[in-house]
Amino acid sequence: MEFTVQQIADLLQGKVEGDNSVKVSTLAKIEDAQPGALAFLSNLKYESYLYSTSASAVIVSDQLKLKSDVKPTLIRVADPYSSFSTLLHYYHTAILASKVGVEEPCFIGQGSEIGSNHYRGAFSYIGTNCKIGENVRIFPQAYIGDNVQIGDNTTIFAGVKLYTNTVVGSNCTIHSGAVIGSDGFGWAPQPDGTYKPVPQIGNVVLEDDVSIGANTAIDCATMGSTIIRKGTKIDNLVQIAHNVEVGQNTVIASQSGVSGSAKIGNNCVIAGQVGIVGHITIANKTTIGAQSGVSKSVKEEGLIIQGSPAFDYKQNLRAMTVFRKLPELQRELEILKEKV
């Protein structure tokens, strides 16, 4: 795909500085870009590359003051990073839109319906009585169980597994290897020391605009639904247990785990390798630092917590400072004991 700089500037509501007829056909990092590429400059740490890059055009801040002449045409915008992200989104969407039609072999069960302009990759499987919207992309070897519902403009990448009765909203993305609706970890201990399985008869509901990363697992509810609310983004390799509810526009980074029946609020930020115990509530706008263990409810909105067990971020930093000094403090204590 090839576009003029002016077309891109119009899309981003930016202003062109230089030749607006220059054409670009690819996106690249400013330090690696070649002729025909469009790059961006957001972090001023990379500003030196602006004066040496071979890119044909660069997206820059409308506040940037040049230190010398530049070769590429500039597109000035209020926020270069956000604008480049918008461009990447359009580029990615255009690539997905080119995927249309049905590859063989693939299977769709009796009573299932799928909207117009869809794509079904080879060896994909759709069970019975499914309702799938328009502009849905289902890549090869994806499995969609019986009675699954999928909204418009959703992409199911290769190897995704959607268990029976799963509900996926519109404009969702589920990346390869994700498993949605597998059994929750429910086992009843028996007098003889064995464990009896507790049947998991609920489902998983992903609301609109949800993104699920590769190899993430979201368990179905024991009864009712495990729910991921609108706009939430979940990274690769995350475990969400049965009956968990995650609020709107929350982000969860890789290798985190949420235990059963935990309730996470709206607009929370959960960093990598966080563990959250079951049956607790996390208030809206909570930020949880990496490798934290959350063992009790967070009731006040807007807190930043870290540590295991997690508590106030600033207090945790002070505690870590003291912890690092413990060997020195111990030596001083031994000296004092000898003097006494």
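# A guided tour, starting at a salt bridge

Select lysine 67 and glutamate 47: their side chains meet in a salt bridge, 3.7 Å from N to O. This pair ties together distant parts of the chain, 20 residues apart. Lysine 67 sits in the loop between strand S6 (57-61) and S7, and glutamate 47 in the loop between strand S5 (37-40) and S6. Keep in mind that the model is predicted.

Colour the two residues by accessibility. Which of them is buried, and which is exposed? Lysine 67 has a relative accessible area of 67%, so it is exposed. Glutamate 47 has 9% relative accessibility, so it counts as buried.

## More salt bridges

The whole structure holds 6 salt bridges. Go next to arginine 76 and glutamate 17. Their side chains form a salt bridge of 2.7 Å, N to O. The partners are 59 residues apart and link distant parts of the chain. Arginine 76 belongs to strand S7 (residues 73-77), glutamate 17 to strand S2 (residues 15-17). Arginine 76 counts as buried because its relative accessibility is 14%. Glutamate 17 is at 36%, so it counts as partly exposed.

Now select arginine 229 and glutamate 207. Here the side chains meet in a salt bridge of 2.8 Å, N to O. Both residues are in loops, 22 residues apart along the chain. For arginine 229, look between strand S27 (225-228) and strand S28 (233-234). For glutamate 207, look between strand S24 (203-206) and strand S25 (211-212). Glutamate 207 is partly exposed, with a relative accessible area of 22%. Add Glu245 to the selection: salt bridges with shared partners join Glu207, Arg229 and Glu245 into one network. Arginine 229 is at 27% relative accessibility and so counts as partly exposed.

## Leucine 87 and its neighbours

Select helix H2 (residues 80-97) and pick out leucine 87 within it. Leucine 87 counts as buried because its relative accessibility is 9%. What does leucine 87 touch, leaving aside residues up to four places away in sequence? The contacts are Ile8, Leu11, Leu12, Leu27, Leu38 and Ile59. Draw a distance from leucine 87 to leucine 12. Their C-alpha atoms are separated by 7.8 Å, although the two residues are 75 apart along the chain.

## The domains

Zoom out and colour by domain. The assignment gives domain 1 (3-98), domain 2 (101-305) and domain 3 (314-339). How far apart are the C-alpha centres of domain 1 and domain 3? They lie 52 Å apart.

## The open sheet

Show the strands as a cartoon. Find the open sheet of 12 strands, with mixed pairing. Follow it in the order S8-S11-S14-S17-S20-S25-S28-S31-S34-S37-S39-S40. Stop at the edges, strand S8 (101-102) and strand S40 (310-312). Each has a single partner strand, so one side of each is left without a neighbour in the sheet.

From S40, select helix H3 (residues 313-324). Helix H3 packs on the sheet and touches strand S39 (304-307) and S40. The direction of helix H3 makes about 105 degrees with that of S40.

Then look at one pairing in detail. Strand S11 (residues 119-120) and strand S14 (residues 137-138) pair in the parallel sense, over 2 bridges. Arginine 120 stands opposite isoleucine 138 in S14. Strands of a sheet pair through backbone hydrogen bonds, either parallel or antiparallel.

## Asparagine 203

Select asparagine 203, in strand S24. Its relative accessible area is 13%, so asparagine 203 is buried. Not counting residues up to four places away in sequence, asparagine 203 touches Asn165, Val167, Cys220, Ala221, Gly224, Ser225 and Thr226.

## Last stop: histidine 242

An unreviewed UniProt entry annotates His242 as "active site". Where is histidine 242? Look in the loop between strand S29 (239-240) and strand S30 (245-246). Is histidine 242 buried or exposed? Histidine 242 counts as buried because its relative accessibility is 16%, and the cut-off for buried is under 20%.

Finish by showing the contacts of histidine 242, again without residues up to four places away in sequence. They are Gly184, Phe185, Gln200, Asp219, Cys220, Ala221, Thr222, Thr226, Gly260 and Ser261. Cys220, Ala221 and Thr226 are among the contacts of histidine 242, and they also appear among those of asparagine 203.

Methods: Residues numbered from 1 in each chain as written. Predicted model: local features only at pLDDT ≥ 70, side-chain atom pairs only at ≥ 80, totals over all residues. Heavy atoms only, no water. UniProt positions renumbered as here; feature names shortened; annotations may be inferred. Helix = DSSP H or I, 4+ residues; strand = E, 2+ residues; numbered from the N terminus. Buried < 20%, exposed > 50% of the residue type's maximum accessible area, 1.4 Å probe, protein only. Contact = heavy atoms within 4.5 Å. Domains from an automatic or database assignment. Salt bridge = Lys/Arg side-chain N within 4 Å of Asp/Glu carboxyl O. Pairing = 2+ DSSP bridges. Axes fitted to C-alpha atoms, helices over the stretch in contact; angles between N-to-C directions.
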